[in-house]
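User: I am new to this structure and would like to go through it step by step, with the reasoning spelled out.
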Amino acid sequence: MKAAVLHEVGGVPRYEDFPDPVAGDGEVIIDVKAVAVENVDKAIAAGTHYAGEKYVGRLPVIPAFDGIGALPDGTLVGFGNIRLPYGALAEKTVVPQGSYKPVPDGIDPAVVTVMASAITAMSVRTAAGFVPGETVLVQGATGVAGRLAVKVARLLGAGRIVATGRDDAQLREVRAVGADTVINTAVSDEALAQAYLDARGDGYDVVLDYLWGRPSEILLRALVPRSFAFGKPTRVVQIGESAGTELALSASSLRTSGVEVYGAAKGFDAQTIDEVYQQVVTWTRSGELTFDVEKVPLSDIETAWRRTDLKGRRLVVMP
Ligand SMILES: NC(=O)c1ccc[n+]([C@@H]2O[C@H](COP(=O)([O-])OP(=O)(O)OC[C@H]3O[C@@H](n4cnc5c(N)ncnc54)[C@H](OP(=O)(O)O)[C@@H]3O)[C@@H](O)[C@H]2O)c1
């Protein structure tokens, strides 16, 4: 079969022949149809992801660990839990029986691959307990996940949505999909802190954080009251780390600003994920929630892997 094969950590997968997977006891072969290539896949291939050792510990390996494919009887499913070295970026892969679930009818498989990013955005409710009318700040709103978070917050009934990015043209697009106010983070630390204060209205209720690093450090510092007073509680959901894996958190940020920090996984269990998934499916079917995808054939993987021009569109490989 043809596959995207990674030969060295930090390298680019190459389109080449690879032995077909053979199903062992309790396994099933998947005929792969669509795979979203995300930052996490690139970080694993680069050896920089905290959970990556398992995937790149033995090379060569086929990257990506989930996708959409067909079972031997033709049923279209979302699959995961691949058996290494057979990742998802190939014509075929192999997973344990049951490590898949049917995809919703009538939705393009390429779109289904991207729905996971909208599900994560639902952590605004599952992790932060968002209620309609609240003010939401999306940190890193020009990326695929951040744009979806703006759309999801709008659909859930946010009172105000403030969105950040570092490119004015992309921020105009983010405004067009639902942000009320945008902040360009590519300014001095002082100017950025002031921009967060100017845009907060009566305070941020929830922050969906896809950036971490410098912008989030400045935000948390800006939320500290300038007098002996208590700030409005702000629930921060940590989702991504596009701007940095670490930040300095001052004692006063936690002590006085009412900041609470959660991981995006908080509140997710099998039942909640199912409910959230159904909501995302309903919005997608009705056209209320749209996904920007850039489909490429598997044979283009080397060029596609290096692309930096996607600007809010998810790269989806169609083997
Ligand atoms: N936990 C989850 O389930 C989950 C799900 C989806 C995503 N994520 C995480 O969320 C983050 C974003 O994912 P994505 O898929 O939306 O990625 P993406 O489409 O590549 O977008 C990345 C975003 O980060 C911005 N960015 C990149 N480097 C930056 C820097 N140094 N300073 C400030 N902004 C920077 C980009 O701005 P430009 O447009 O200006 O380049 C863009 O807005 C990643 O860390 C990803 O792993 C997590």
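User: In this predicted model, which strands form the edges of the open sheet of 6 strands?

Analyst: The model is predicted, and in it 6 strands with parallel pairing form an open sheet in the order β10-β9-β8-β11-β12-β13. An edge strand pairs on one side only, and this applies to the strands with residues 181–184 and 259–263. The twist from one strand to the next averages 20 degrees. The edge strands are therefore β10 and β13.

User: Which residue of β13 is the bridge partner of threonine 234?

Analyst: Strand β12, made up of residues 234–238, runs parallel to β13 and is joined to it by 5 bridges. Among the residues of β12 is threonine 234, and its bridge partner in β13 is valine 259.

User: How much of the accessible area of the ligand does the protein cover?

Analyst: Several polar contacts can be followed from the ligand to the protein: an oxygen atom of the ligand lies 2.9 Å from a backbone N or O atom of valine 144, and an oxygen atom of the ligand is 3.2 Å from an N or O atom in the side chain of glutamine 170. Serine 242 also takes part, with a polar side-chain atom 3.1 Å from an oxygen atom of the ligand. On its own the ligand has 920 Å² of accessible area, and the share covered by the protein is 72%.

User: Which elements give two or more residues to the shell around the ligand?

Analyst: There are 17 residues around the ligand, and those that come nearest are Asn39, Thr120, Thr142, Ala145 and Arg314. By class, the shell is made of 6 nonpolar, 8 polar and 3 charged residues. The elements that contribute two or more residues to it are α4 (115–121) and α6 (144–155).

User: How far apart are the end C-alpha atoms of residues 146–212?

Analyst: UniProt, in an unreviewed entry, lists residues 146–212 as "domain: Alcohol dehydrogenase-like C-terminal". In the model this span is 45% helix and 21% strand, and the distance between its end C-alpha atoms is 13 Å.

User: What is the phi of tryptophan 212?

Analyst: Tryptophan 212 lies in the loop between β11 (206–209) and α9 (213–222). Most residues other than glycine have a negative phi. Tryptophan 212 is not a glycine, yet its phi is positive, at about 55 degrees.

User: Which residues are joined by the cis peptide bond with omega of about 10 degrees?

Analyst: Most peptide bonds are trans. The bond from leucine 59 to proline 60 is cis with omega near 0 degrees, and proline 60 sits in the loop between α2 (53–56) and β4 (67–70). Another cis bond leads to proline 85, which lies in the loop between β5 (76–79) and β6 (92–96). The bond with omega of about 10 degrees joins leucine 84 and proline 85.

Technical notes:
Residues numbered from 1 in each chain as written. Predicted model: local features only at pLDDT ≥ 70, side-chain atom pairs only at ≥ 80, totals over all residues. Heavy atoms only, no water. UniProt positions renumbered as here; feature names shortened; annotations may be inferred. Helix = DSSP H or I, 4+ residues; strand = E, 2+ residues; numbered from the N terminus. Near = heavy atom within 4 Å. Polar contact = N/O pair within 3.5 Å; in protein donor to acceptor, adjacent residues only side chain to side chain. Areas by Shrake-Rupley, 256 points an atom, 1.4 Å probe, with all protein chains shown as cover. Nonpolar A, V, L, I, M, F, W, Y, C, P; charged D, E, K, R; others polar. Pairing = 2+ DSSP bridges. Axes fitted to C-alpha atoms, helices over the stretch in contact; angles between N-to-C directions.
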